[in-house]
Amino acid sequence: MTLAQPLAIPPSAETFFANHAQLRPMPEVAARLIKSFDDPNVSLRALADLIEKDPTLSARVLRLANSARFNPSHNVSTLMDAANALGLTMLRNLSMAAAISGRFPEVQGLDRRHVWRHAAITATYARILGKVVRLEADEVFVAGMMLRTGQLLLALSAPEQVAEVERLAGEPGSRYSLEQHRFGCTHAHVTASLAAHWHFPNEMVRAFTDASEPLERRPFSRMAAVLHLAEVLADAAVKGLDPVEALQQAVPELVAHMHLDLDDLRDRLLAAGDPGQDVDALLH
């Protein structure tokens, strides 16, 4: 992966990004975790030792490892215990999720718990879709976790308008068009600006930039398409709607373009259970 270079991010998104000064800086440990995606030889011990350098992050990862979703057979009390219980992939994914969610304050106009529950569901569904279309599943998981962070930056500047968008976004996937009409950009565009400034991989920044309308952008980004699809699925899941039916109704052209087997996808989503059930462990 190469580091982010300037891309066609709308100027309005950069304006909203100006509020990034209110964010906590990305910790060095998280930055090194991002770089570990490029290292095929990274070990479980090396990741555990790295995460342990950040006490706050370590505490969050331990809480997640002990949560009901992972159902440990015994109490996980050290990072190495967590590493052995979770495995390398899940350890890194949970650590990145905890690091990202910990950067953002409570903002007016949005329910923080709801946003991060949605983010966790989006990340898991993006990982499932990434496996289906043969993308690097761990990178797609992190991108899915990041996708709505731009909305938090929008809310720092325009809390009432963001709250209105959420009230009006009854149909899965409708948030993009509502934001574009009001702000001249979408949450994905603002996330792209943030990701570029945080030196996320170039492919991920481009995916955020293109996620609002993946079929309209060239060259076509499969990661952008996966992010858009995953957000539609997460929107449906939190509203208690059938996720696969929501895809068919919201983005049939994108489903067709990606040649998705919807019966297989439904089975994979069901097997994932409720990816958002551990949001409290993620946030506290």
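**After helix α11.** I began in this predicted model at the residue that follows α11, which is H199, and I noted that its phi is positive, near 60°. A positive value here belongs to a residue other than glycine, and I placed H199 in the loop between α11 and α12. I then looked up whether H199 is buried or exposed. With a relative accessible area of 51%, H199 is exposed, because exposed begins over 50%.

**A second positive phi.** I also found H259, again a residue other than glycine, with a positive phi near 55°. H259 sits in the loop between α15 (252–257) and α16 (262–271), and at 72% relative accessibility I entered H259 as exposed.

**Helix α11 itself.** Turning back to α11, which spans residues 187–197, I asked how many of its eleven residues are buried. I recorded nine, so that the helix is mostly covered. The buried residues are H187, A188, H189, V190, T191, A192, S193, L194 and A195. When I checked what covers these buried residues, I listed α1, α7 (137–146), α8 (149–157), α10, α12 (202–210) and α13 among the elements.

**Aromatic pairs.** I searched for aromatic pairs and found two in the structure. The first that I wrote down joins F16 and F183, whose ring centres are 5.5 Å apart and whose planes meet at 80°; since an angle over 60 degrees counts as edge-to-face, I classed the pair so. This pair links distant parts of the chain, with F16 in helix α1 (residues 11–17) and F183 in helix α10 (residues 175–183), 167 residues apart. I noted F16 as buried at a relative accessible area of 13%, and F183 as buried at 11%.

The other pair is W198 with F200, which I entered as stacked, with 6.4 Å from centre to centre and 25° between the planes. Both W198 and F200 are buried.

**The nonpolar core.** I next asked which residues touch the most other members of the largest nonpolar core. Among its 101 residues these are F200, F208 and L229. As for the helices, α5 gives this core its largest share, twelve residues.

**A224 in helix α13.** I located A224 in helix α13, residues 222–238, and found that A224 is buried, at a relative accessible area of 0%. Leaving out neighbours within four places in sequence, I listed A207, D210, A211 and P214 as the residues in contact with A224. I also noted 9.3 Å between the C-alpha atoms of A224 and E203, which are 21 residues apart along the chain.

**A cis peptide bond.** In the loop between α12 and α13 I came to P219, and I recorded the peptide bond from R218 to P219 as cis, with omega near -5°.

**The cavity.** I searched the whole structure for cavities of 30 Å³ or more and found one. The largest cavity holds about 50 Å³ of space, and I listed its lining as P27, D54, T56, L57, R60, A98, A99, G102 and R103. I sorted these lining residues into four nonpolar, two polar and three charged. Helices α4 (55–65) and α5 (79–101) each supply at least two residues of the lining, and the largest share, three residues, comes from α4.

Terms used
Residues are numbered from 1 along each chain as its sequence is written. This is a predicted model: local features need pLDDT of at least 70, side-chain atom pairs count only at pLDDT 80 or more; totals for chains, interfaces and linings use all residues. Side-chain values use heavy atoms; hydrogens and water are left out. Rings of Phe, Tyr and Trp (its six-membered ring) pair if their centres lie within 6.5 Å; planes under 30 degrees apart count as stacked, over 60 as edge-to-face and the rest as tilted. Helices (H or I, at least four residues) and strands (E, at least two) are DSSP runs, numbered from the N terminus. Buried means under 20% relative accessible area, exposed over 50%, partly exposed in between (1.4 Å probe, protein chains only). On a 1 Å grid over the protein atoms alone, a cavity is a set of points where a 1.4 Å probe fits but cannot get out, and a pocket is an open set with protein on both sides within 12 Å along at least five of seven lines; lining residues have an atom within 4 Å of a point. Grid points are joined across faces, edges and corners, and a volume is the space filled by probe spheres set on the points. Ala, Val, Leu, Ile, Met, Phe, Trp, Tyr, Cys and Pro count as nonpolar, Asp, Glu, Lys and Arg as charged, and the others, Gly among them, as polar. Contact means heavy atoms within 4.5 Å. A nonpolar core is a set of buried Ala, Val, Leu, Ile, Met, Phe, Trp, Tyr and Cys residues joined through side-chain atoms within 4.5 Å.
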